[in-house]
Amino acid sequence: MKKRTLICSALLATLAIGGGFSAPAISAVTAADSTYDFRQETIYFVFLDRFSDGDATNNSGNNPLTYDPNNLKKYVGGDIRGLINKLPYLKSLGITAIWITPPVDNADNLDVNGGAGYHGYWGKDFFRVDEHLGTMDDFKELSQLMHTPEYNMKLVLDYAPNHSNGNDENEYGALYRDGQYITDYNTDVAAGTNWYHHNGGVTDWNNWYQVRNHNLFNLSDFNQSDAQVYNYLLDGAKFWIDAGVDAIRIDAIKHMDKEFIQQWTGDIYNYASAIGRDGFYFFGEWFGASATTTTGIDGYAIDYANTSGSALLDFGFRDTLERVLVGRSGNTMQTLNSYLETRSNVFTSDDWQVVFMDNHDMARISTALRSTASTFGPGNNEAGGGQSEAFAQKRVDLGLVATMTVRGIPAIYYGTEHYSANFTTNAFGQVGSDPYNREVMPSFAQDSEAFKIIQALTELRKTSPAIQQGSYSQKWLNDDILVYERKFEDDVVLVALNRGAATSINVSALSLADNYYTSLVGSDGVTVSQSAATLNLDQNEAIVLHGKTTSDNTELTDVTFTCNNGYTQWGQSVYAVGSASQLGSWAPAQAVKLDPAAYPTWQATIQVPSGESLEWKCLKRSESDSSALIEWQSGGNNTVNTSTQTQTSGSF
């Protein structure tokens, strides 16, 4: 694959653009020039009100009618303190960036349908924390903890510069700055102060002017071209950056002028850099954004992704993945591969776009897989899969592997690791959609297969340049199986996905060095020989292999590794792990499984670099979870000189 350029908001330079804005252009540089690289992160998206209730005293807020723990249209309990309490859980999951719903102070009243602003998108004061969610001190404590060496996490702020709250109900677009009243929708008209557009709601969703300059439903639409409005939105972002925010998810980016987004992201990036926060990252929500949509209003999304200063959430990937996992007619693994290849050509930097499987605007994937309704997909008119719960969970696992290994930054929606699903029909006749896709976090257990997959692949993303920024190359493909390789320099990841019946396939032209590899998900072992491998794939199974290419001057030799006294418990095996990449570079997940043919003696012949002195140890671990049941050989490391030795042993 040709060498690609990196386009991101972290690489902004100033360029004059017409229309009254001085907007940042986006420079094209190689990945090595990036100041801070968000592509090593795994994002976890939480609804603050739904995730964990750490302080029940704030549940009622200023208006007790906004709280009802049994009504998902209202605040049900959950706050910043709850998120603080659950940071150890997210650390165990391997999460490195937390995206939170907008914490800004929201309208206090109910709308005409009895709903409250629990979601955070009805802002009225962009400089205060909503009272249901805690205090500014709570927010700063969260940020400080996330940035300690113990957690080393990034904080992503959901921010809505498109609008405030409803113009025709509730608080009528009331806007404050740190408690000081500024205006509301009707006052703005009388005073002629131009804080808002006053064009009514969007009536023609194919009219580009309306989509950007009319109210989104009834939400008071900001006039971002006005200097006082621009400064309010810019200062609001700076306020949260000062409190520790590392990135911004831009709500409703589709409904704002690109020139505004360019200037705003550029000014924020420059501010963050000035206070020592280089590499500030942005991604925006454009419902309908897709690499395969090139006409109509949604066709503009590609241009925004490439030139606005903000990446986008890749809804096209999500939609394609759901269709393939559900098994809708005409949607196969070939469809998924085609989309992945298209996005690499359409997006200037597809590795900076955010890929996801679940989110808060569509029914959860587990619901779509299990339901027989026809209210799914981007148009709420596509069929569910009617799959059993157990089968659907396997499909979710398959989708997680895809989401976390394709080009792009993965975002995991809270509860997906527990296969959250809801089959309630909402007021629009949609099964499992808003608000039933925003349920209370179902569990904080850590034993689901989905949890283990996320855990393993977040660790891979932290360490693998191939996953962070490597090329995508399809290696084997039919309607049910997709095998692809990610590669950057000498780092290689091979991924196989099978939604069909159990089968074995032979894959050639691999970049992985000849060796024996253990899958990072599941427990399959695969031998690569002469750049080819046989993959034994069960239905709904994924295999993920990680290793290095073999340099031209590296010679390998056979050495027999033996571990004595390897008594194991159920589900545990013995492995060799050591200083060479062929021995996993000391990573238990990459260790080489030995054969218990003469139990409790375990043995295998492994190709390792010749002419070197290597260190290694025997290791016991779970076959299915590389982080469980770990027991190391005690004492010092075993050594083997591959210039003179063909056998080496250790003992528990």
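A residue counts as buried when its relative accessible area is under 20%, as exposed when over 50%, and as partly exposed in between. By that cut-off Lys254, at 14% relative accessibility, is buried. The structure described here is a predicted model.

## Domains and their interface

The protein chain is divided into domain 1 (56-465), domain 2 (468-548) and domain 3 (556-651). The C-alpha centres of domain 1 and domain 2 are separated by 33 Å. Contact between these two domains involves 29 residues of domain 1 and 29 residues of domain 2.

The size of an interface is often given as the accessible area lost when the parts come together. For domain 1 and domain 2 the buried area is about 2,600 Å², with 60% of it on carbon and sulfur atoms. Polar contacts across this interface join 19 residue pairs, both residues being at pLDDT 80 or more. On the domain 1 side, α11 (333-346), α13 (389-405) and α14 (449-463) each supply at least two residues that touch domain 2. The number of salt bridges between domain 1 and domain 2 is zero.

## Salt bridges

Elsewhere the picture is filled in by charged pairs: the structure as a whole holds 36 salt bridges. The table gives three of them, with the distance between N and O atoms.

| Salt bridge | N to O distance |
|---|---|
| Arg50 and Asp49 | 2.8 Å |
| Asp298 and Lys254 | 2.9 Å |
| Lys593 and Glu623 | 3.3 Å |

In the pair of Arg50 and Asp49, both residues are buried.

Asp298 and Lys254 form a salt bridge with their closest N and O atoms 2.9 Å apart. Asp298 sits in the loop between β13 (281-284) and α9 (301-307), and Lys254 in the loop between β12 (247-250) and α8 (258-274), so this salt bridge ties together parts that are 44 residues apart in sequence. The two partners fall on either side of the cut-off for burial: Asp298 has 23% relative accessibility and is therefore partly exposed, whereas Lys254, at 14%, is buried.

The salt bridge of Lys593 and Glu623 spans 3.3 Å from N to O. It links distant parts of the chain, with Lys593 in strand β27 (residues 592-593) and Glu623 in the loop between β30 and β31 (631-632), 30 residues apart. Lys593 has a relative accessible area of 27% and counts as partly exposed; Glu623 is also partly exposed, at 26% relative accessibility. A further set of salt bridges shares partners and joins Asp37, Arg39, Asp314, Arg343, Asp350, Asp351 and Arg407 into one network.

## The surroundings of Asp158

Asp158 belongs to strand β7 (residues 154-159) and is buried, with 0% relative accessibility. Its side chain makes a polar contact of 2.6 Å with the side chain of Tyr121. A second polar contact, of 2.9 Å, joins the side chains of Asp158 and Arg249. With neighbours within four places in sequence left aside, the residues in contact with Asp158 are Phe45, Trp99, Ile100, Thr101, Pro102, Pro103, Tyr121, Arg249 and Asp251.

## The disulfide

The count of disulfides is one. Cys563 and Cys618 form it, with their sulfur atoms 2.1 Å apart. This pair links distant parts of the chain: Cys563 is in strand β25 (residues 556-564) and Cys618 in strand β30 (residues 613-622), 55 residues apart. The torsion about the S-S bond is about -100°, so the disulfide of Cys563 and Cys618 is left-handed. Both Cys563 and Cys618 are buried.

## Backbone features

Most residues other than glycine have a negative phi, and most peptide bonds are trans. The residues below depart from these patterns in one way or the other.

Asp434 and Pro435 are joined by a cis peptide bond with omega of about 10°. Pro435 is in the loop between β16 (409-413) and α14. The peptide bond from Tyr599 to Pro600 is cis as well, with omega near 10°, and Pro600 lies in the loop between β28 (595-598) and β29 (601-609).

Asp178 is not a glycine, yet its phi is positive, at about 50°. Asp178 is in the loop between β9 (175-177) and β10 (180-183), and at 46% relative accessibility it is partly exposed. Ala509 also has a positive phi, near 55°. Its place is in the loop between β20 (503-507) and β21 (515-518). Ala509 has a relative accessible area of 52% and is therefore exposed.

Conventions
Residues are numbered from 1 along each chain as its sequence is written. This is a predicted model: local features need pLDDT of at least 70, side-chain atom pairs count only at pLDDT 80 or more; totals for chains, interfaces and linings use all residues. Side-chain values use heavy atoms; hydrogens and water are left out. A disulfide is a pair of cysteine sulfur atoms within 2.5 Å. Helices (H or I, at least four residues) and strands (E, at least two) are DSSP runs, numbered from the N terminus. Buried means under 20% relative accessible area, exposed over 50%, partly exposed in between (1.4 Å probe, protein chains only). Domain bounds come from an automatic or database domain assignment. Contact means heavy atoms within 4.5 Å. Buried area is the accessible area (1.4 Å probe) that two parts lose on being put together, summed over both. A salt bridge is a side-chain nitrogen of Lys or Arg within 4 Å of a carboxyl oxygen of Asp or Glu. A polar contact is a pair of N or O atoms within 3.5 Å; within protein, one must be able to donate a hydrogen and the other to accept it, and residues adjacent in sequence count only if both atoms are side-chain atoms.
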